[in-house]
Amino acid sequence: MSAPETRILVVNPNSTTSMTEKIAISARAAAGPGVAITAVNPLDAPASIEGYHDEAMCLRGLLEEIAKGEAAGHDGFVVACFDDTGLGACREVASGPVVGICEAAMHAAAMIATSFSVVTTLPRSVPIIEDLALTYGMERRCRRVRAADIPVLALEDEGNEGRAARDKVRAEVERAVAEDGCEAVILGCAGMADLTAWLSRETGVPVIDGVVCAVRMVEALVGAGLATSKVGAYARPRVK
Ligand code: 5HY
């Protein structure tokens, strides 16, 4: 008799379904045997998350999707936004592990290299990710957080804008390798998930996608019988 499936809910907190589909492709390609991936996004949320205001505006929809996933019995969850938006609040709502793609990518990078740089989209996202590196204790490992200076949604364009955006990401990854002395590069946007293999080939260094890392880490945590601790900060929200 086969072991029960591990069901992982991957939530893209923005409302762009093409990005959710891209994330789902990466997540399903990474998932191990017996793992079922469901990828969703809220309908009422910013089309992309670029800065603090968008982060705040996506929280209600994100938490509603996590609550629905919890009620449906998902074993673990991925927050598929590189700002790790609302991660603590999601952990209060969920029983199973909740992993953010930034935290997952930084820990994975620190296990395969002594240093990494991050390449994200807009300059306004750089301090947000720098703060996450500090939060996760990665300040000694993170050489630099860079921006390709592209809007998030440019990565969803299938024409010239998309091609130009992908070329700008590649150029920034190459600058990171040439200038930062980093031994790995993390892609700092869930919308870059489909660029990982290409950029690894082009640059010759490990290029890391947080979606893949987060899915495999949720699998590992569930497989180890671990769930979110409810004895402190991640206890269920108090009824008022
Ligand atoms: C993300 N924004 O992963 C973040 C990253 C960024 O809509 N999905 C988004 O570029 O700020």
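User: Which cavity is the space taken by the ligand?
Analyst: Keep in mind that this is a predicted model. The structure holds 1 cavity of 30 Å³ or more. As for the space that the ligand takes up, it is the largest cavity.

User: What is the volume of the largest cavity?
Analyst: Start with its walls: 16 residues line the largest cavity, and Ile49, Cys81, Phe82, Asp83 and Cys189 lie nearest its centre. The volume they help enclose comes to about 130 Å³.

User: How many residues in the lining of the largest cavity are charged?
Analyst: Sort the lining by class and you get 9 nonpolar and 6 polar residues. What remains in the charged class is 1.

User: Which domains does the shell around the ligand draw at least three residues from?
Analyst: The ligand has 13 residues around it, with Asn14, Ile49, Phe82, Thr121 and Ala190 the closest. By class, that shell has 6 nonpolar, 6 polar and 1 charged residues. At least three of the shell's residues come from each of domain 1 (6-100 + 213-223) and domain 2 (102-210).

User: Which residue has a side-chain N or O atom 2.5 Å from an oxygen atom of the ligand?
Analyst: Let's go through the polar contacts, where the cut-off is 3.5 Å. Ile49 uses a backbone N or O atom, 2.7 Å from a nitrogen atom of the ligand, so that's a backbone contact. Ser125 does use its side chain, but there the distance to a ligand oxygen is 3.1 Å. The side chain at 2.5 Å belongs to Thr121.

User: How much of the area the ligand exposes when taken alone does the protein bury?
Analyst: Picture the ligand by itself first: it exposes 300 Å². Now put the protein back, and the share of that area it buries is 100%.

Conventions
Residues are numbered from 1 along each chain as its sequence is written. This is a predicted model: local features need pLDDT of at least 70, side-chain atom pairs count only at pLDDT 80 or more; totals for chains, interfaces and linings use all residues. Side-chain values use heavy atoms; hydrogens and water are left out. A residue is near a molecule or strand if one of its heavy atoms lies within 4 Å of it. A polar contact is a pair of N or O atoms within 3.5 Å; within protein, one must be able to donate a hydrogen and the other to accept it, and residues adjacent in sequence count only if both atoms are side-chain atoms. Accessible areas come from the Shrake-Rupley method with a 1.4 Å probe; for residues, only the protein chains shown count as cover. On a 1 Å grid over the protein atoms alone, a cavity is a set of points where a 1.4 Å probe fits but cannot get out, and a pocket is an open set with protein on both sides within 12 Å along at least five of seven lines; lining residues have an atom within 4 Å of a point. A molecule sits in a cavity or pocket if more than half of its atoms lie within 2 Å of its grid points. Ala, Val, Leu, Ile, Met, Phe, Trp, Tyr, Cys and Pro count as nonpolar, Asp, Glu, Lys and Arg as charged, and the others, Gly among them, as polar. Domain bounds come from an automatic or database domain assignment. Grid points are joined across faces, edges and corners, and a volume is the space filled by probe spheres set on the points.
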